[in-house]
Amino acid sequence: MNIQKPIFLDNQSTTKLDPRVFKTMTPYFMEDFGNPHSIHHSYGRSASAAIELARKQIAAHLNANHQDVYFTSGATESNNILIKGLGNFSKANPKRIITAKSEHKCVLQSCQRLQENGFEVIFLNVDTEGLINLEELEKELQTPTLLTSILFVNNEIGIIQPIEQIGQLCKKYNSFLHTDAAQAVGKLDIDVHAMGIDALSISGHKLYGPKGIGILYVSAEARLKMQPLFDGGGQEKELRSGTLPTPLCVGIGEAITLSCAEKDKSNETIKSFRDDLISSLSQSISDLKINGSMSNRIEGNLNVCIPGVEADMLINNLPGLALSTGSACTSGFVEKSHVLSSIGLNDKEITCSFRIGIGKNNTKEEIQQASTMIIDAVKKLK
């Protein structure tokens, strides 16, 4: 019996592995299976060379030095390594961090952990569109600050922070700038030098690459002031110990290369799908509200509120669609979205909000079907 799978519209939580990426990875599972750190024989050297090629691929798309690119298990680990690594350095000074209330939970909780250990942490407000106030940031930066960590693209509402302007302010006041760019790479142009970025985190599975692999870019200056989180074999220049998974490293390198090369075409198609969906839903659901800025937003994200219709109930009535109410990283917990709360939504509005994530594998027909399904379900529940 062939059971049709739901239409996947949760591309901020994860993306389907690109077949071309899988093809590139495949030889390193069975044929070139050597340990990349065993450089005394050809098996190890072959794996090591493949990883170094991937490292250079990634660096090229960030305009970074490949020696400043480190492999991790994902953006969550990268964020922890960077924030706690700087904070745990014995000579870390000043003991002050700036971040935003709408950040990813792993950044907020890493900062809170340092707060427990004596750091002052400033949590910036965001406006109703989800953007930080640059004047407020500059005012806070006038007090010496070790690190400023601001999310490039928000994982729930898709808004884009003005990272280049933030970078200019951080340089002016000598604060390291870190950004979680998991939702930005492959969708936006990123130049770590031009944007003043000292550290940047990436997850492979957000850009049609494999799960379980990520990147941490760290400038040489910031790296000198970091303490590794755990000890081991000293791999990744002693910043992150552990045997590197060659297939995954190769996979994220290829995924970034493909996503960046095809970015403009993908964004154009995805935007047309998103605009069609907004138009269709708005015509039939008069009180539908878009959460967050529409002008400063990645093309594939929609976070909508339908007053009077609880999102969980709506999703339960849409078995043909794969949607979510927020971050996949906190979906195991029953709690309101801190991101939606930060932009001013009340509890009722948060309860009635859900996220639609459109990706490059979606089709026009799927978007039309999704629109009809959502409209019919809303009419039923209202």
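Here are some questions and answers on how the sheets, cores and helices fit together in this predicted model.

Q: In what order do the strands of the open sheet of seven strands run?
A: The pairing in this open sheet is mixed. Neighbouring strands are turned by 15° against each other on average, direction ignored. Reading across the seven strands, the order is β2-β8-β7-β6-β5-β3-β4.

Q: Which strands stand at the edges of that sheet?
A: Look for strands with a single partner. One side of each such strand is left without a neighbour in the sheet, because there is just that one partner strand. The two are β2 (69-72) and β4 (120-124).

Q: Which residue of β8 does phenylalanine 71 stand opposite?
A: Start with the pairing: β2 and β8 run antiparallel and are joined by four bridges. Within β8, the residue opposite phenylalanine 71 is isoleucine 215.

Q: How many bridges join β7 to β8?
A: These two strands run antiparallel. Serine 201 stands opposite leucine 216 in β8. The number of bridges joining β7 to β8 is five.

Q: In which sense do β5 and β6 pair, parallel or antiparallel?
A: Strand β5 covers residues 147-149 and strand β6 covers residues 176-180, with three bridges between them. Leucine 147 stands opposite phenylalanine 176 in β6. The sense of the β5-β6 pairing is parallel.

Q: How many of the five residues of β8 are buried?
A: Take the strand face by face: Gly214, Leu216 and Val218 are buried on one side, and Ile215 and Tyr217 are buried on the other. β8 is largely enclosed by the rest of the structure, because the buried count is five of five.

Q: Which strands does helix α3 lie across?
A: Helix α3 spans residues 42-62 and runs at about 115° to β2. Helix α9 lies across β2, β7 and β8 too, running at about 100° to β7. For α3, the strands are β2, β7 (199-203) and β8 (214-218).

Q: Which helix gives the largest share of the largest nonpolar core?
A: This core has 58 residues, and those with the most contacts inside it are Leu62, Phe71, Phe152, Ile190, Ile197, Leu200 and Ile202. Phe71 touches, among others, Ile51, Ile58, Ile215, Leu244 and Ile252. The largest share of the core, seven residues, comes from helix α9 (residues 246-261).

Q: How many residues does the other core, with Leu288 and Leu314, have?
A: This core lies apart from the largest one, and Ile358 and Ile374 are also among its residues. Ile374 is one of the buried residues of α14. The core's count is 28 residues.

Q: Within what arc do the buried residues of α14 fall?
A: The buried residues to place are Ile367, Ala370, Ser371, Ile374, Ile375, Ala377 and Val378. Seen down the axis of α14, they line one face of the helix, because their arc is 165°.

Q: Which exposed residues sit on the face of α14 turned away from its buried side?
A: Helix α14 (residues 364-381) has 18 residues and reaches 26 Å from its first C-alpha to its last, close to the 26 Å expected. Its buried residues are covered by elements that include α10 (263-284), α11 (311-316), β11 (321-322) and β12 (353-357). Turned away from that buried side are the exposed residues Lys379 and Lys380.

Q: Which residue of β12 does asparagine 303 stand opposite?
A: Asn303 belongs to β10, where Asn301, Asn303 and Cys305 are buried on one side and Leu302 and Val304 on the other. β10 runs antiparallel to β12, with five bridges joining them. β10 also runs antiparallel to strand β9 (residues 289-290), with two bridges. In β12, the residue opposite asparagine 303 is arginine 355.

Q: What is the relative accessible area of tyrosine 208?
A: Tyrosine 208 is found in the loop between β7 and β8. Leaving aside neighbours within four places in sequence, its contacts include Asn11, Leu17, Val21, Ala255, Ser259 and Lys360. Buried means under 20% relative accessible area. Tyrosine 208 is buried, with a value of 11%.

How values were computed:
Residues numbered from 1 in each chain as written. Predicted model: local features only at pLDDT ≥ 70, side-chain atom pairs only at ≥ 80, totals over all residues. Heavy atoms only, no water. Expected span 1.5 Å × (residues − 1). Buried < 20%, exposed > 50% of the residue type's maximum accessible area, 1.4 Å probe, protein only. Arc of directions from axis to C-beta. Contact = heavy atoms within 4.5 Å. Core = buried A, V, L, I, M, F, W, Y, C linked by side-chain atoms within 4.5 Å. Pairing = 2+ DSSP bridges. Axes fitted to C-alpha atoms, helices over the stretch in contact; angles between N-to-C directions.
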